[in-house]
Structure formats: C-alpha cells, structure tokens
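Subject: Structure handover

Hello,

Here is the structure you asked about. Please open it before you read the notes below.

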Number of protein chains: 4
Amino acid sequence: MNLTIDLDSDVPIYQQIRDRIVEAIARGEIAEGDPLPSTRRLAADFAINFHTVNKAYDLLKQEGVIRVNRKSGAVIRRDPRTGPPDPGFAEGWEDRLRVLLAEATVHGLDQDEVVRRCTATLSGFRSPAERVSR
Amino acid sequence: MNLTIDLDSDVPIYQQIRDRIVEAIARGEIAEGDPLPSTRRLAADFAINFHTVNKAYDLLKQEGVIRVNRKSGAVIRRDPRTGPPDPGFAEGWEDRLRVLLAEATVHGLDQDEVVRRCTATLSGFRSPAERVSR
Amino acid sequence: MNLTIDLDSDVPIYQQIRDRIVEAIARGEIAEGDPLPSTRRLAADFAINFHTVNKAYDLLKQEGVIRVNRKSGAVIRRDPRTGPPDPGFAEGWEDRLRVLLAEATVHGLDQDEVVRRCTATLSGFRSPAERVSR
Amino acid sequence: MNLTIDLDSDVPIYQQIRDRIVEAIARGEIAEGDPLPSTRRLAADFAINFHTVNKAYDLLKQEGVIRVNRKSGAVIRRDPRTGPPDPGFAEGWEDRLRVLLAEATVHGLDQDEVVRRCTATLSGFRSPAERVSR
DNA sequence: GTGGTCTAGACCACA
DNA sequence: GTGGTCTAGACCACC
C-alpha cells in the first residue's frame, strides 16, 4: 500500500489519509482482514503528528470501514459481500454526487464525458461481485 | 428559484449556498443573465448574516459562475455553450470524483447502480447541447 | 472619438470613462481645445445615468485634464507643451507603476518583455514633442 | 520584511498589504517557501483587524502567490523561475499598463522619462533569470 | 437601492 | 499555536 498525501492541500490531512485508504480498498489493494500500518508508523512515514493519523483511523472506524483491535491494530472490517449497502450511507453520498455533477455541468463538461470519466474511474475499482470471484 | 440550506449541517453555510446555486444552474432553473437575489435580501430570507451570503457570491464570482454588477447585483455569467470546458477545472474535480466513487464501492454499492445514479442525476440537468436546442 | 466601456467590469463606470478619455488624449485623438461630448449625450450613448458621466468629468477637471465651460461644455485643457509635468503627479503614479511592475515580475514576466510592452504601448501615444510638430 | 501601510489612503488596507507583499517578493526580499507573518500577528502589528489581513492573504492565495498551510501559516508559493508566465495574467495587466502610461503622457511626462522610470523600478527587482544565477 | 470595506468578538477545526 | 467560519453593526462607494 503506497499512500501519498499533500501537506499543503486545503483538504485536511486526516481526511486525505482516510480518502487514500478508502481508495486503496476500492482498488482491491487491501481487503477484509488486512492490517493497516500502525498510527505511529504512518505518522513517522509522513512526518506528521500521530494524532492526525489517529483521527483518520477514528473516522474510518466510525464509518464502519475498519475495526481497531488492541493487539493487532487496525484491520479492514467491512466486506461488501456481507450484505446490502449501508443503510443511511446513500443520502449524504447522493447529495455530494449531485453537487459534483452539477459543477461539471456548469463548467461545460459534456454529460457523455462525465459518464465516461465515472466508468473509467470505476473500472479501476473492484466491484463486490468481482471480489467474490477472485 | 427555491434554495434551501441547513444551518445545522457541518457544511459551511456559504458553501451550501454556493452548491445550491450551482445545482440550480445545472438544472437550468436559472440561466445566463438571470439575476441572483441581493446579498442582503438572501441573508434576510435565510435569517443569516449578509457577510455569509457575500462569501458565497465571492466564491461563485471567483469560480467564474456569476458576475457582480454594481447596480443590478449578481447575475449568472457562464453559459457552458459558449465554449469548451474550463481548462484546469477537471483536475481537482476528478480527484473528488475518485474519492466519491471509491466510497460507494467500499460501502457496497454495485458499479451498475453507481452509474445508474450518475445518469439519473445528470438527466435532471440540462446539458450544453440541450440548452442550445431549447 | 470612440469610447467603449464595460458595464460588468469591476472598474467603476465613471473611472472607465475617465480612463478612456485619458487614453484618447494620449493617442492624440483629441487635443487642446477640442470639445468633449455633453454629459447627457454620453450618458444616452452608454445608457447610463448622466450623473455617472458627470462624476467622470469632475474627476478629469480635478486632475487638470479638462476645463468645463458653462456654454461650450467640457473641453480639453492641458497641453503638455505648456510646461513641465504636474508637480505632485509623479508620487502616486510611481507607486502604482511599482505595484504594476512588481506584479508582472511575480507572475513571471521577463523584464525585457515588460519593457517591450511599455514601449509598444507608448509608441501608440503621441509624446508632447510630437504633438508640437503636428 | 518591513511592510508599511497607510490607514488614511483611499486604497483599501487589504489591497495595500497585498501590494506590499507582491513588491517584497519582486524585490527578492522574500522567496519561495518563506513564511509570512500569521494573520493575527500582522493585524496586531498594524493595529488593524485580523479579518482585513485575512482578506489580503485570501487575495494572494487566489492569485497563486502564496499557499496557506494549516500549521505553518502562509508561505510564498510561486517562483517565477518554475515556468512560463501565468497564462491569462497579461490581459488585465496590459489594460492597467495602458491607462497608467496614458496618464503619464497626458500629464507631460516624456516617453524617454517614462521608460527610464520603468527600467529603474525593474532594476530594483530580481528577474527570474537573476534569481537562478544567484 | 446595490455591493464593498472595516471593525469586533465569538467559536470551531486542524495540527 | 494556526486559519476558518459566523455574527453584528458601522460607514462608504457606486449608480
């Protein structure tokens, strides 16, 4: 797993860590049960405060993406096979999607182009079904 | 134009205002040249401070979405028909799209379902081509 | 004399009128004694309030560029031949020049390029000496 | 870095702050990566409100001159060496240059004198090339 | 009437 | 410690 963050971005660092991990899971680079680096280790790699990493892990835990074990550290928890999509997840997600697509429209991106980019991005991810068959 | 904002959201109010306006433009409810409510008026409607609306309009102005005329207030500026998509717009946008789609994947949304929601949302918008033919 | 103003610019209209007139004088299109259009006429041409034109003329009068005659309206007053540069003009002007050149430098314009653009712009103007010989 | 502002000027304070910082960068007094004083600190130094400094920094950020880091505050971002001049920068800049030079002409400044002052001012700045060789 | 500027003070998020 | 957000109220510039 190779995470890169931008200390100068206006996206909070803890958010970037969380985003990168979510992306890595989506790409199938880490899967259920796989361990995440320890907070101190990750903090040292990025030369940031380990509290920041902690906050990212907290966020992931709260989102149900990882579970934190006292001895084995953080491991990926959710496997999409285990059931239907999270209830309550869709609302906020759709809101953000709507804003994002509206922006693209307003800035002149053609609808076909938008859909193309969506599918292109998704093709880099593993859908739940694919993961089962792997 | 009927904007609704949520004062209790963790999304900054000025950002919500900006998002709602971008969506309204994408839906074609307001078009090039249409005036936006005055900052003080909108602030009164939402029962918020006019500086907050000011910040939202500033953001939109900076994004090239509106222009502010001393006498007639803010009016919609950009019409996606008038040219190619904004150069430099796609970068940050794709990053956000990737994160959003990764989240959906991790939370178990099927890829087809994701694409379906994207197209459904887009169908509520007016693509540049449609606007020409209207 | 063909003035064009942009009602949507963030530069105040009265300032634009003043700027365009100053430029026209610099280019030699209007010279000492030449009359300016009446405020009401100019206001009608631009479809703006005549008070705005009034303000522009006031500014020009205050700067010593025109004189206003009750019956013949506004006429160009200053002829650079009549003497040395205005005392007191240079200070504010140099300040603005310094800021403008600093901006160019910071945004990566080469010094030679900057000088080239200055001379190119000046070549479109008539220096005082040239005006004498015309 | 020694900034001076004039509270009685008709130039907005936030604009003056922005101008002084741009000049300081042009002179090479502050360079890429150098930190700017914190908004509240600078505000205290000038005995003004920190929001005013905030606005100046916002403007600089928007112009791409600085970047704002959550922890270390604002630092100079752009180094003109790193690439060609900003595309799209020249337009508004040339307009302002034209007005400024027209004023000089109208007020009787000789063209040679104008060029002399431009080059004199520029000689106080570090051109991109000079910075490389330093 | 409109937006723009500045002040003042509060609270929160980030690191 | 830093910047970001929101509120509140004043005054000014423009049209």
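The notes below cover the model, chain A, two chain contacts and a DNA strand.

This is a predicted model, in which local features need pLDDT of at least 70 and side-chain atom pairs count only at pLDDT 80 or more, while totals for chains, interfaces and linings use all residues. Residues are numbered from 1 along each chain as its sequence is written, chains are lettered from A and ligands numbered from 1 in the order in which they are written, and side-chain values use heavy atoms, with hydrogens and water left out.

Chain A

Chain A contains 6 helices and 2 strands, in the order α-α-α-β-β-α-α-α along the sequence. Helices (H or I, at least four residues) and strands (E, at least two) are DSSP runs, numbered from the N terminus. Of the 134 residues in chain A, 46% are buried; buried means under 20% relative accessible area, exposed over 50%, and partly exposed in between (1.4 Å probe, protein chains only). A contact means heavy atoms within 4.5 Å. Among contacts in chain A between residues at least 6 apart in sequence, 53% join residues at least 24 apart.

Chains B and A

Chain B and chain A each put 44 residues into their contact. The area buried between them is about 4700 Å², with 71% from carbon and sulfur atoms. Buried area is the accessible area (1.4 Å probe) that two parts lose on being put together, summed over both. In chain B, Trp93(B), Val106(B) and His107(B) lose the most area to chain A, together 16% of what that side buries.

The rule finds 8 salt bridges across this interface of chain B and chain A, a salt bridge being a side-chain nitrogen of Lys or Arg within 4 Å of a carboxyl oxygen of Asp or Glu. One of them joins Glu94(B) to Arg117(A), with the closest N and O atoms 2.7 Å apart. H4(B) gives the largest share of the side of chain B that touches chain A, 14 residues.

Chains D and A

Here chain D gives 4 residues and chain A gives 6 residues. The area buried between chain D and chain A is about 360 Å², and carbon and sulfur atoms give 25% of that. Arg67(D), Asn69(D) and Arg70(D) lose the most area on the chain D side, together 83% of what that side buries. The rule finds 1 salt bridge between chain D and chain A: the side chains of Arg67(D) and Asp8(A) meet at 3.0 Å, N to O.

Ser9(A) lies in the segment before H1 of chain A. Ser9(A) counts as buried because its relative accessibility is 18%. Not counting residues up to four places away in sequence, Ser9(A) touches Gln16(A) and Arg70(D).

DNA strand E

There are 27 residues around DNA strand E, and Ile13(D), Tyr14(D), His51(D), Lys55(D) and Arg70(D) come nearest. A residue is near a strand if one of its heavy atoms lies within 4 Å of it. Of the strand E atoms within 4 Å of the protein, 70% belong to sugar or phosphate and the rest to bases.

Which part of DNA strand E is 2.8 Å from an N or O atom in the side chain of His51(B)? It is a base nitrogen. The side chain of Thr52(D) has an N or O atom 2.7 Å from a phosphate oxygen of strand E. For Arg70(D), a side-chain N or O atom is 3.1 Å from a sugar or linking oxygen of strand E.

Regards

Definitions and conventions:
Polar contact = N/O pair within 3.5 Å; in protein donor to acceptor, adjacent residues only side chain to side chain.
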